[in-house]
Amino acid sequence: MKKSVTVSVNEKKLSAIEMYLEQKNTTLAAELEKYADQLYGKVVPQNVRDFIDMMSDRKPARKQKITASAETEKLSEQ
């Protein structure tokens, strides 16, 4: 799941940033996403990043189990 972050920037500075990023065939959103990933790698300890990755990988499997047990409960109620 992704969340959005709002940042206030001077209008003229923002226009200049967008203009020069366009010349480099990129966008402000793409550059900010890259920077957020770099910041995450710099600030969040490796063991926490590993845990988050592990939990992200497990989520689909957990949802399937919950769905399967919910269906089993529905069938047993009938």
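# A walk through a three-helix model

Reading along the sequence, you will meet the pattern α-α-α. Keep in mind as you look around that this is a predicted model. Colour by secondary structure to begin: the protein has 3 helices and 0 strands. Now switch on the surface, which amounts to about 7,700 Å² of accessible area, with 56% of that belonging to carbon and sulfur atoms. Of the 78 residues in the protein, buried ones make up 4%.

**Stop one: the loop after H1**

Select Asn 25, which sits in the loop between helix H1 (11-23) and helix H2 (28-43). Most residues other than glycine have a negative phi. The phi of Asn 25, however, is positive, near 55°. Is this residue buried or exposed? Asn 25 is exposed, as its relative accessible area is 73%.

**Stop two: two salt bridges**

Side chains of opposite charge can pair when their charged atoms come close. The structure holds 2 salt bridges, so let us visit each in turn.

Select Glu 33 and Lys 2 first; their closest N and O atoms are 3.3 Å apart, and they form a salt bridge. This pair ties together distant parts of the chain, for Glu 33 belongs to helix H2 while Lys 2 lies in the segment before H1, 31 residues away. Glu 33 is partly exposed at 43% relative accessible area, and Lys 2 is exposed at 70%.

Next, select Lys 34 and Glu 31, whose side chains meet in a salt bridge at 3.1 Å, N to O. About one helical turn separates Lys 34 and Glu 31, because they are 3 residues apart in helix H2. Both ends can be seen from outside in part: Lys 34 is partly exposed at 47% relative accessibility, and Glu 31 is partly exposed at 27%.

**Stop three: the largest pocket**

Stay with Glu 33 and Lys 2, since both also help to line the largest pocket. Add other lining residues to your selection, including Val 5, Val 7, Leu 32 and Tyr 35. How much space lies in this pocket? The largest pocket holds about 500 Å³. Its lining divides into 7 nonpolar, 1 polar and 4 charged residues.

**Stop four: a nonpolar patch**

Finally, select Tyr 40, Val 48, Phe 51, Ile 52 and Met 54, which form a nonpolar patch on the surface with about 420 Å² of accessible area together. Which helix gives the patch its largest share? Helix H3 (residues 46-77) does, with 4 residues. Zoom in on Met 54, found in helix H3: Met 54 counts as partly exposed, with 42% relative accessibility.

Methods: Residues numbered from 1 in each chain as written. Predicted model: local features only at pLDDT ≥ 70, side-chain atom pairs only at ≥ 80, totals over all residues. Heavy atoms only, no water. 1 Å grid on protein atoms, 1.4 Å probe; cavity = no way out; pocket = protein on both sides within 12 Å on 5 of 7 lines; lining within 4 Å. Points joined across faces, edges and corners; volume = space filled by probe spheres on them. Nonpolar A, V, L, I, M, F, W, Y, C, P; charged D, E, K, R; others polar. Helix = DSSP H or I, 4+ residues; strand = E, 2+ residues; numbered from the N terminus. Buried < 20%, exposed > 50% of the residue type's maximum accessible area, 1.4 Å probe, protein only. Patch = residues over 30% accessible without salt bridge, like charges linked within 9 Å, V, L, I, M, F, W, Y side chains within 5 Å. Areas by Shrake-Rupley, 256 points an atom, 1.4 Å probe, with all protein chains shown as cover. Salt bridge = Lys/Arg side-chain N within 4 Å of Asp/Glu carboxyl O.
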